Amino acid sequence: MTNYIPEDEIEKQKSFLYKIKEINSNFYVRNGRKPRANTETYGCQQNENDTERIRGMLEECGYDFCDSAENADLVIYNTCAVRENAEDRVYGRLGILKHIKESRPEMIIGLCGCMVQQEHIVERIKKVYSHVDLIFGTHALYKLPQLLYETITGNSAVIDIQNSDGAIAEDIPIKRDSPDKAWVSIMYGCNNCCSYCIVPYVRGRERSRKPEKILDEIKKLVADGVTEICLLGQNVNSYGKDLDENIDFSDLLRMVNALDGVKRIRFMTSHPKDFGDRLIDAMVECDKVCPQLHLPFQAGNNRVLKEMNRKYTKEEYIEKIHRVKERIPGIALSTDVIVGFPTETNEDFEDTLDVLRRVEFDNIFSFIYSRREGTPAAKLDFVLTNDEIHKNFNRLLEVQNEISKRKNDAYVGKIVEVLVDGQSKNNAKMLSGRSETAKIVNFRGDESLAGKYVKVKITEAHTWSLNGELIN
């Protein structure tokens, strides 16, 4: 059964929020401005969603926001533990902040998220990066007002990395990054325990939110102008298993689809072992669910999949994809792939390439295996050399780039509906947005179109994006 943070604890956090707001009001009187906060997010969409909650609480505390740590009075990095390079980037940023804090000792530096949910990481930070003032793990996010107050009023570092499966905290303030699209977490944690993955150890066991809480959140988003919803979970297919009522993810999908004002629904991530016809039926029958599916297969070799503890075979995965394509023609498919799992041989890797060629994903998210302390796979010895792993990784990209370009070429001449995000990041003269199949579409148009749905005729295809002309 899902555990919830008691309402009196949430009210307690609100009292600390008001205390910080009073402190920041005095800051304004002294300095003629509000204190500035800078947040940076590393990792997955769940981390991005968590950062929106952090920003929501900070805004209620009376903070303004800035884009650079150099100009901030408070810096919070929301960290990722899935890959080593994400951790290295955080350590690099902390090194830079040390010099800034030497000149501005009143600056507060905070770390949160998956990386700091691990005790050995916290010990390293305490030893090497003693200028960090605040550390809190994934289960303590809702306590930010209290922890920040203790940091502001105390003389030593504040640390809260409670080791538990966590509980769900509702009604936390949230500051969304987009006025038109929103992440909505439907569950937290993971029960799958893949041998390479640290997530179950840092985010705890699966906890599903009550459907009425999810629907209420979406209704409020719609009232604020949001039209595209992405339902989030480490494995959305497991939604509802821990609830008292008889409900699963396909049921929830139908409930969201029935809400007025919602125009597009996406979801991620699905686990292949739990993905079945009941969900496919819901995707087919729910007119607002986008024809897009992210279904990680990670590796193509059955022995490697077993050692990863993925609980499906290459053949089972491909058969499920076949059923999806048959029921939803034109669906855009994406996946995650790990290259260089310790026991993977060059022959095993050929099975991964075979999956790419047979499925023909629109795009993939590919990673070289990163050893994570505390996971079963961390004890395994590597079969391939580092050079061999990198050569395989480059081969993977070559195969997929050709497929992605060919898939995008098929869009040339077609008319697609695009939700406009705004100015393109790569070309100031162009607008950019996403099609129903999550394709990036660039086209010329007035910036007033941001947040609107427009028709665009595709005129040019690139590997990772499409160019088109606005249809009036």
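Start with the open sheet: select S7, S10 and S11, and you'll have 3 strands lined up in the order S7-S10-S11, with parallel pairing. Look at the two sides next, where S7 and strand S11 (264–268) are the edge strands, each pairing on one side only. Tilt the view and you can follow the twist, which averages 20° from one strand to the next. Keep in mind as you click around that this is a predicted model.

Strands like these are held to their neighbours in a general way: a sheet's strands pair through backbone hydrogen bonds, either parallel or antiparallel.

Now zoom in on S7 and strand S10 (residues 228–232), which run parallel and share 5 bridges. For one spot to click on, pick Val184: its bridge partner in S10 is Leu231.

Time to add the helices. Helix H7 (residues 211–223) packs on the sheet, where it touches S7 and S10. Compare directions and you'll find H7 at about 165° to S7. Then show helix H2 (residues 45–60), which lies across S7, S10 and S11. What angle does H2 make with S7? H2 runs at about 100° to S7.

Last stop: leave the sheet strands and select Ile168, in the loop between strand S6 (158–160) and strand S7 (181–185). Is Ile168 buried or exposed? Its relative accessibility is 1%, so Ile168 counts as buried, the cut-off for that being under 20%. While you're there, select Tyr142 too: it sits 26 residues from Ile168 along the chain, and the two C-alpha atoms are separated by 9.1 Å.

Key: Residues are numbered from 1 along each chain as its sequence is written. This is a predicted model: local features need pLDDT of at least 70, side-chain atom pairs count only at pLDDT 80 or more; totals for chains, interfaces and linings use all residues. Side-chain values use heavy atoms; hydrogens and water are left out. Helices (H or I, at least four residues) and strands (E, at least two) are DSSP runs, numbered from the N terminus. Buried means under 20% relative accessible area, exposed over 50%, partly exposed in between (1.4 Å probe, protein chains only). Two strands pair if DSSP finds at least two bridges between them. Axes are lines fitted to C-alpha atoms, for helices over the stretch in contact, and angles run from 0 to 180 degrees between N-to-C directions. Contact means heavy atoms within 4.5 Å.
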